[in-house]
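These are my notebook entries on a single protein chain. I record below what I looked up, in the order in which I looked.

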Amino acid sequence: MRVLLFGASGQVGREIVRCAAPAGAEIIAVDRARIDLADDARIAPVIKGAYPDVIINASGYTAV
């Protein structure tokens with residue numbers, strides 16, 4: 001299973017990578033350094049390029 005994970009560098013994202021990879025999932029980990037989720041035009045190409053079975057959005061904004 002190919003999993004596209006947004007928010008990979010955060011606390012939740014790191015735990016998903018830690019738990020899912022040994023279970024046999026192929027994790028395509030994306031963090032803010034690679035894509036800013038506020039930029040709509042950049043999201044679709046990342047999804048199309050990864051061709052995931054599942055998308056997990058573990059990103060969050062903490063400076064509220």
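**Entry 1: Val3**

Does Val3 count as buried or exposed? The model is a predicted one, and I read the values below with that in mind. I found Val3 in strand E1. The relative accessibility of Val3 is 6%, so the residue counts as buried, the cut-off being under 20%.

I then looked up what Val3 touches beyond its neighbours within four places in sequence. Val3 is in contact with Ala25, Glu26, Ile27 and Ile28, and also with Val54 and Ile56. I also checked the separation of Val3 from Tyr51, which lies 48 residues away along the chain. Their C-alpha atoms are 8.9 Å apart.

**Entry 2: salt bridges**

How many salt bridges does the count come to? I obtained 2.

One of them joins Arg2 to Glu26, with 2.9 Å between the closest N and O atoms. Arg2 belongs to strand E1 (residues 2–6) and Glu26 to strand E2 (residues 26–30), so this pair ties together parts that are 24 residues apart in sequence. I looked up the accessibility of both partners. Arg2 counts as partly exposed at 26% relative accessibility, and Glu26 counts as partly exposed at 39%.

I next examined the pair Glu15 and Arg18, whose closest N and O atoms are 2.8 Å apart in a salt bridge. Both residues sit in helix H1 (residues 11–20), 3 residues apart, and are therefore separated by about one helical turn. For Glu15 I noted 38% relative accessibility, which counts as partly exposed. For Arg18 the value is 54%, which counts as exposed.

**Entry 3: helix H2**

Which residues of helix H2 are buried? Within H2 (residues 40–50) I found Ile43, Val46 and Ala50 to be buried. Viewed down the axis of H2, the buried residues fall within an arc of 70°, so they line one face of the helix. I turned to the other side of H2, where Ala41, Pro45, Lys48 and Gly49 are exposed.

What covers the buried residues of H2? The cover includes strands E1 and E2. E1 is the strand that holds Val3, and E1 and E2 are the strands joined by the pair Arg2 and Glu26.

Lastly, I looked at the residue that follows H2. It is Tyr51, and its phi is positive, near 45°. Tyr51 is also the residue whose C-alpha atom I had found 8.9 Å from that of Val3.

Technical notes:
Residues numbered from 1 in each chain as written. Predicted model: local features only at pLDDT ≥ 70, side-chain atom pairs only at ≥ 80, totals over all residues. Heavy atoms only, no water. Salt bridge = Lys/Arg side-chain N within 4 Å of Asp/Glu carboxyl O. Helix = DSSP H or I, 4+ residues; strand = E, 2+ residues; numbered from the N terminus. Buried < 20%, exposed > 50% of the residue type's maximum accessible area, 1.4 Å probe, protein only. Arc of directions from axis to C-beta. Contact = heavy atoms within 4.5 Å.
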